[in-house]
Amino acid sequence: MQLSKIINGWKHYFTDNSEVEEMAKERIKHCIECPQKKESKVFGWVKDEVEEISSTICGKCNCPLAMKVRSINENCPLKKW
Ligand code: SF4
């Protein structure tokens, strides 16, 4: 993931934006069901109100999911969203 996308995801993780949260909810639906969703010790502190993606990463890019789904221009590596 590009640095600008990482920064965008972190920014929206730590701030409250209703449009971003709606986008994240739609993306999370796919990640919850995805076999690439992995538990992470490194990013164990990255929690989400959706418990299923708390402390998880995408196994394709190793990004914390709670931040990845909030990065506006980010894409799923498997094109699920
Ligand atoms: S971003 Fe895509 S590949 Fe990664 S866990 Fe979510 S749905 Fe799966």
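1. Let's start at K79, which lies in the segment after α3. (Helices are DSSP runs of H or I with at least four residues, strands are DSSP runs of E with at least two, and both are numbered from the N terminus.) The phi of K79 is near 60°, a positive value in a residue other than glycine. K79 is exposed because 6 other C-beta atoms lie within 10 Å. For that label, C-beta atoms are placed from the backbone: 20 or more others within 10 Å of a residue's own make it buried, 12 or fewer make it exposed, and anything in between is partly exposed.

2. Before going on, a word about what you are looking at. This is a predicted model, where local features need pLDDT of at least 70 and side-chain atom pairs count only at pLDDT 80 or more, while totals for chains, interfaces and linings use all residues. Residues are numbered from 1 along each chain as its sequence is written.

3. How confident is the predictor? The chain has a mean pLDDT of 95 (the predictor's confidence in each residue, from 0 to 100), and 100% of its residues reach 70 or more. Among the elements, strand β1 (residues 37-39) has the highest mean pLDDT, 98, and helix α1 (residues 3-14) the lowest, 92.

4. Now the overall layout. The chain has three helices and two strands, and from the N terminus on these run α-α-β-β-α. The C-alpha trace spans about 25 × 25 × 25 Å along its principal axes. Its radius of gyration is 11 Å, which agrees with the value near 12 Å for a compact globule, because the chain has 81 residues. (That radius is taken over C-alpha atoms, and the globule rule is 2.2 Å times the number of residues to the power 0.38.)

5. What share of the chain is buried? Of the 81 residues, 26% are. As for contacts (C-beta atoms, placed from the backbone, within 7 Å), take those between residues at least 6 apart in sequence: 45% of them join residues at least 24 apart.

6. The inside is worth a look. The largest nonpolar core has twelve residues: A24, I28, C31, V46, I53, I57, C58, C63, L65, A66, M67 and V69. Helix α2 (18-33), strand β2 (56-58) and helix α3 (65-68) each supply at least two residues of this core. (A nonpolar core is a set of buried Ala, Val, Leu, Ile, Met, Phe, Trp, Tyr and Cys residues joined through C-beta atoms within 7 Å.) In soluble globular proteins, nonpolar side chains tend to be buried together. One member to click on is L65: leaving out residues up to four places away in sequence, L65 touches C31, K37, I53, T56, I57 and C58.

7. Which residues surround the ligand? They are H30, C31, C34, Q36, K37, C58, K60, C76, P77, L78 and K80, going by C-beta atoms, placed from the backbone, within 6 Å of the molecule. By class, that shell has six nonpolar, two polar and three charged residues. (Ala, Val, Leu, Ile, Met, Phe, Trp, Tyr, Cys and Pro count as nonpolar, Asp, Glu, Lys and Arg as charged, and the others, Gly among them, as polar.)

8. K79 has company in its backbone angle. N62, in the loop between β2 and α3, has a positive phi of about 65° although it is not a glycine. N62 is partly exposed, with 13 other C-beta atoms within 10 Å.

9. Is N73 buried or exposed? N73, in the segment after α3, counts as exposed because it has 10 C-beta neighbours inside 10 Å. Not counting residues up to four places away in sequence, N73 touches K5 and N8. N73 and C58 are 15 residues apart in sequence, and their C-alpha atoms are 16 Å apart in space.

10. K25 sits in helix α2 and is exposed, with 12 other C-beta atoms within 10 Å. The C-alpha atoms of K25 and V69 are separated by 8.2 Å, with their positions 44 residues apart along the chain.

11. Two loop residues to finish. N17 lies in the loop between α1 and α2 and is partly exposed, with 13 other C-beta atoms within 10 Å. S54, in the loop between β1 and β2, is partly exposed, with 18 such atoms within 10 Å. Beyond its neighbours within four places in sequence, S54 is in contact with K47, D48 and A66.

Key:
Two residues are in contact if their C-beta atoms, placed from the backbone, lie within 7 Å.
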